[in-house]
Amino acid sequence: WMGFIAFVAIAIPPTVADSLFIRRSSAGIQVSQPSNNRRAHLPRLDAVRALAILSVFLYHSFGAAFYKDHLEFHGGWLDFHSAPSWVFLACYPLTFGWVGVSLFFVLSGFVIHYSFLVAGRRFSAGGFFVRRFWRICPPYLLALTAFALWAHLHGVGGLKFDFGLHLALIHNLILKTRFGQINGSFWSVAVEVQFYLAYPLMLWLRGRIGMANVAKVALGLAM
């Protein structure tokens, strides 16, 4: 997921940044009000999001249909004899649908940073976190409560520890609870929130040591 941070560091090249009237001051990075014909919404990204959603959906549908979503390895090579049928092999490109999740994370890095650039105001960490909280947490807490209650009613044990880590949005950091017993897809919400925590730091560093150096740090951590 460090690719998200690297993307934040290099998402907007200097020539584009200049066109967005970026100013650096002793107070950090500031952006003047963009021109009226520049829109914060980029319709083309909707098509990319749709492609990411479709790829993830097809990936999970593929796994559900065949009760497995990848071929086994034998001696370091893919074992095509482990395929349950020729249909599985014909549809095997769908196994790369997991890339859609990574694409979502990269889009998050771009959209968050782009929104700041076109906002026309100095970055406020407090305001940023408040907006992110109301965008993510209410629906997440509602869904988390509903799925936890469903699991409890179906006799799933050990939910207190799992639920607590989900509330703190750190369940993805522990292998046992990464997918957990509540809802396996909630790991991505935790990663997204951790992105939000990293973004102000990356933005601050970009204003102090420059885009190229932040990119080097991010890529070094990603290694």
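# Worked exercises on a predicted model

Phe80 counts as exposed, because its relative accessibility is 53%. The cut-offs: buried is under 20% relative accessible area, exposed is over 50%, and partly exposed lies in between (1.4 Å probe, protein chains only). This is a predicted model: local features need pLDDT of at least 70, side-chain atom pairs count only at pLDDT 80 or more, while totals for chains, interfaces and linings use all residues. Residues are numbered from 1 along each chain as its sequence is written, and side-chain values use heavy atoms, leaving out hydrogens and water.

**Exercise 1. Place Phe80 and find its surface partners.**

Step 1: locate the residue. Phe80 sits in the loop between strand E4 (77-79) and helix H4 (86-90). Helices (H or I, at least four residues) and strands (E, at least two) are DSSP runs, numbered from the N terminus.

Step 2: name the partners. Phe73, Leu78 and Leu89 join Phe80 in a nonpolar surface patch. Together these residues have about 400 Å² of accessible area. Such areas come from the Shrake-Rupley method with a 1.4 Å probe; for residues, only the protein chains shown count as cover. Patch members have over 30% relative accessible area and no salt bridge; like charges are joined within 9 Å, nonpolar side chains (Val, Leu, Ile, Met, Phe, Trp, Tyr) within 5 Å.

**Exercise 2. Check the length of helix H3, then describe its buried side.**

Step 1: work out the expected span. The rule is 1.5 Å times one less than the number of residues. H3 covers residues 43-66, which is 24 residues, so it should span 34 Å.

Step 2: compare. The end C-alpha atoms of H3 are 36 Å apart, which agrees.

Step 3: list the buried residues. They are Leu45, Ala52, Ser55, Val56, Tyr59, Phe62 and Gly63. These buried residues pack against H4 and helix H5 (99-119).

**Exercise 3. Find the salt bridges in the structure.**

Step 1: set the test. A salt bridge needs a side-chain nitrogen of Lys or Arg within 4 Å of a carboxyl oxygen of Asp or Glu. Side chains of opposite charge can pair when their charged atoms come close.

Step 2: search. The whole structure yields two.

Step 3: describe the pair in H3. Asp46 bridges to Arg49, with the closest N and O atoms 3.0 Å apart. Both lie in H3, three residues apart, about one turn of the helix. Asp46 is partly exposed at 36%. Arg49 is partly exposed too, at 29%.

Step 4: describe the other pair. Lys68 meets Glu72 at 3.8 Å, N to O. Glu72 counts as partly exposed, because its relative accessibility is 38%.

**Exercise 4. Decide whether Tyr67 and Leu169 are buried or exposed.**

Step 1: note the backbone. Tyr67 is not a glycine, yet its phi is positive, near 60°. Leu169 has a positive phi of about 60° and is not a glycine either.

Step 2: place each residue. Tyr67 comes just after H3, in the loop between H3 and strand E3 (72-74). Leu169 lies in the loop between helix H7 (159-168) and helix H8 (187-209).

Step 3: apply the cut-offs. Tyr67 has 78% relative accessibility, so it counts as exposed. Leu169 has 10%, so it is buried.

**Exercise 5. Judge the confidence of the model.**

Step 1: take the average. The mean pLDDT (the predictor's confidence in each residue, from 0 to 100) is 80. At least 70 is reached by 82% of the residues.

Step 2: find a weak stretch. Over residues 1-37 the pLDDT is below 50.

Definitions and conventions:
Contact means heavy atoms within 4.5 Å.
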